[in-house]
Each structure stands twice: as structure tokens, then as C-alpha cells.
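User: Please take a close look at a single helix in this model and at the salt bridges that involve its residues. I would like one connected account rather than a list.

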Amino acid sequence: MTESYRRSGDEMPQDRPYAYGDHSQGHGHGHEAYGGTPGAGFGEQAVPPPPPYAPEPRRRARRPVALIAAVALASGLIGGGSAALIAGATQPSAQNSSSTPLVNAGKTSGSGVSGVAKAVSPAIVEIKAQTAGGESTGSGVVVTSDGEIVTNNHVLKGADTVTVTFSDGSRKTAEVVGTDPDKDLALVKVRGAKNLTAASLGDSDKITVGDQVVAIGSPEGLTGSVTSGIVSALDRDVTVPKEEDQGQQGGPGDRGGWPFEFGGNQYNGDTGSSKTSYKAIQTDASLNPGNSGGALINMQGQIIGINSAMYSPSSASNSSSAGSVGLGFAIPINTVKDDLDALRGGGNSGSSGV
């Protein structure tokens with residue numbers, strides 16, 4: 001037995017496949033010394049060894065080769081997964097591999113609410129309008145890199161000075177370029193601005209009920225707040241006041257919310273006698289006082305509306321419970337695009353008070 005273990009480390013004959021060789025087998029005189037037979041195991045009947053220098057029988061080597069051939073044929077029928085398994089068993093891998101989760105690197109990569117917010121937030125600003133009666137806070141959308149910003153007319157009512165705060169915290173003074181009380185739109189321009197991030201204006205005629213949307217604005221002065229929801233209705237007839245002295249002065253800067261009418265009922269205060277109506281996009285994305293003039297955005301990062309009105313369950317005298325109940329309204333962006341040239345020329349100033 002000692003001799004058997006010592007010789008088990010002898011060099012393998014070169015004419016035999018290493019993968020299927022039997023380390024207990026020998027050749028020529030080595031097995032004659034044991035009185036054994038090639039391929040004989042413990043307890044097997046010994047038979048005379050082959051003549052010296054006789055060629056080694058290859059019958060035993062054919063069986064493993066035939067087995068691998070059969071397995072390879074089966075793996076070819078099953079598919080690449082089995083073939084890869086066989087390859088891994090017969091030729092060890094140089095390193096361990098692990099599966100890496102795939103990400104969509106296509107057109108929609110980085111989409112979702114977070115992607116929209118990251119892309120569009122630099123084009124959304126907070127607007128503070130100083131008036132004789134105090135300060136009104138709203139939002140705005142940068143539409144040109146040289147500082148043109150669209151907002152609601154009611155955000156700027158009676159404004160003496162207008163201050164714009166960008167998403168990076170920087171502040172600039174702006175001047176009112178034009179207003180259109182009939183559409184509740186206004187245009188301001190930041191002095192000396194250049195290389196600003198401008199929003200991409202979409203097509204509000206292509207939106208449908210159920211489309212996911214994102215709203216960005218400055219509710220209650222919380223600059224850059226992001227909410228999301230869906231388009232819950234289209235072509236809502238929303239009525240808002242045009243005059244400064246009707247309803248709640250300062251619009252969304254007041255905690256009670258901007259007064260408006262819908263379906264013959266008044267919300268958030270009295271709209272007064274001087275009013276205007278427009279077809280609005282209804283959304284359940286949370287809007288609060290200060291969101292007016294901000295953006296309603298589709299999931300491609302395009303502006304589809306300018307947020308303009310929201311229903312609050314509180315009255316003007318009970319502002320402590322003001323808040324969104326999922327009834328917000330936005331001016332369709334196609335209305336804004338149609339009005340831009342007129343706003344650049346001063347707009348339909350009417351009786352805006354600006």
C-alpha cells in the first residue's frame with residue numbers, strides 16, 4: 001500500500017487524455033511489480049498484464065467522450081444556458097461573475113418625477129411682487145435664456161417692484177413687460193440676464209385625461225417645491241377676477257388662495273364683478289397659494305400649463321386650514337404661446353393695475 005501511494009504521483013503518460021485518466025493505472029513494468037492489471041481496482045481478480053510495450057487499450061477513454069458528446073447535443077437542444085453551464089464545468093472561469101441590473105439607456109432614461117424635477121427646476125422661479133398693500137408671492141417659468149419669465153397677471157397686480165429668486169438661491173430684479181388680465185397672464189424680464197435655463201414649451205392639445213404630470217412652484221414661499229399627479233379633466237371653465245380690489249388682494253400670496261368660480265359657485269373668496277374666464281387643465285397634483293404662475297409639466301419635461309387657481313376648503317377668514325384638496329387648474333400652454341408676442345408688446349393691459 002505504501003508503494004502504491006508513492007507511485008500515484010508518477011508522471012502521467014503523454015498518450016492519454018488528462019481529464020479522463022485513471023491515476024491508479026500504470027504501464028509496463030510498473031504493474032508487473034504489483035502483479036496487478038491496468039484498470040483493476042481493490043479486490044478485483046488479477047489477470048496477466050499485457051506484453052511489454054503493448055499499446056494501451058483506448059476502450060475506456062471512449063465512454064467519457066461519448067458522454068460529453070451526448071451532453072453537448074442535449075445542451076444544443078435546450079439552449080445557450082445549458083451550453084454555458086457545460087463550458088463552466090469543463091473550463092474553470094478566471095474570475096467570479098455577477099449579474100448587473102440593466103437600466104434603460106434610451107430616450108426615457110432618467111424619466112419619472114425625479115428626472116422631470118431635476119431637468120425643469122432650474123427654469124422655475126419664485127416671484128415676489130411688492131405692492132402698496134404688502135407683498136404677493138407666486139411663481140414663474142423662464143421661457144428665454146435672456147430672462148423672459150411668464151407668470152400669472154394676478155401675481156403682479158399693483159406691483160411696484162418685482163424680485164425673482166432662482167433655483168440656486170440667486171436673486172434678480174425684474175421689470176414687467178406686459179400683462180393680459182383677460183387670460184390671467186403676464187411677462188416679466190430679468191435685467192441683465194443671460195445664459196439662463198429656459199423651459200421647453202409643449203403642446204397642450206396633445207394631453208389627455210389620466211396623463212401623469214408634475215407641478216413645480218413656490219407654495220407658501222417654499223421655493224422649488226415639487227408635486228405630482230395626473231390630468232383629471234380638460235377644458236374646465238374657470239373664472240378669476242381681473243381687478244386688484246376684488247376678492248383677495250395679492251392673489252396666491254394670501255394664505256386663503258386665489259378666488260375663482262367654477263360651475264356657478266365661488267371658491268376661496270368673492271371674484272367680484274370684473275372677471276374673466278378661460279378653459280383650464282384640471283389636475284390633482286397638489287397646488288397651494290404661491291404655486292400660481294408655476295409650471296405644470298408632462299413626463300417628457302415639457303411645460304403644458306401655467307398653474308393659476310386651486311380650491312382650498314378654507315374661507316378667507318379661516319386661513320389656518322388652507323391647503324390643497326386635489327383640485328388645481330392651469331392655463332394651457334398653447335394659450336400662453338399664442339399670447340407671447342402680444343405680451344412682449346405690452347399685452348392687453350386693460351385694468352390690470354400694473
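Analyst: Helices here are DSSP runs of H or I with at least four residues, numbered from the N terminus. On that basis R344 and D341 both belong to helix α6, where they lie three residues apart, about one turn of the helix. The model is a predicted one, and what follows is to be read with that in mind.

Helix α6 covers residues 333–344, and because each of its 12 residues should add 1.5 Å along the axis, counted as one less than the number of residues, the expected span is 16 Å, which agrees with the 16 Å between its end C-alpha atoms. After the helix comes G346, whose phi is positive, near 110°.

As for the side of the helix that is covered, the buried residues of α6 are I333, N334, V336, D339, L340 and L343. The elements that cover these buried residues include the strands β3 (148–151), β5 (171–180) and β6 (185–190), together with β7 (200–201), β14 (302–310) and β15 (328–332).

One of those buried residues also takes part in a salt bridge: D339 pairs with K183, and their closest N and O atoms are 3.7 Å apart. This pair links distant parts of the chain, since K183 sits in the loop between β5 and β6 while D339 is in helix α6, 156 residues apart. The two partners can be described by their accessibility: D339 has a relative accessible area of 4% and therefore counts as buried, the cut-off being under 20%, whereas K183, at 29%, is partly exposed.

Within the helix itself, the side chains of R344 and D341 meet in a salt bridge, with 3.4 Å from N to O. Here D341 is exposed because its relative accessible area of 59% lies over 50%, and R344, at 36%, counts as partly exposed.

Beyond α6, the structure holds nine salt bridges. Among them is the one between the side chains of D146 and K189, at 3.5 Å from N to O, which again links distant parts of the chain, with D146 in the loop between β2 (134–142) and β3 and K189 in strand β6, 43 residues apart. Strand β6 is also among the elements that cover the buried residues of α6. In this pair D146 is partly exposed at 34% relative accessibility, and K189 is likewise partly exposed, with a relative accessible area of 29%.

Note on methods. Residues numbered from 1 in each chain as written. Predicted model: local features only at pLDDT ≥ 70, side-chain atom pairs only at ≥ 80, totals over all residues. Heavy atoms only, no water. Helix = DSSP H or I, 4+ residues; strand = E, 2+ residues; numbered from the N terminus. Buried < 20%, exposed > 50% of the residue type's maximum accessible area, 1.4 Å probe, protein only. Contact = heavy atoms within 4.5 Å. Salt bridge = Lys/Arg side-chain N within 4 Å of Asp/Glu carboxyl O.
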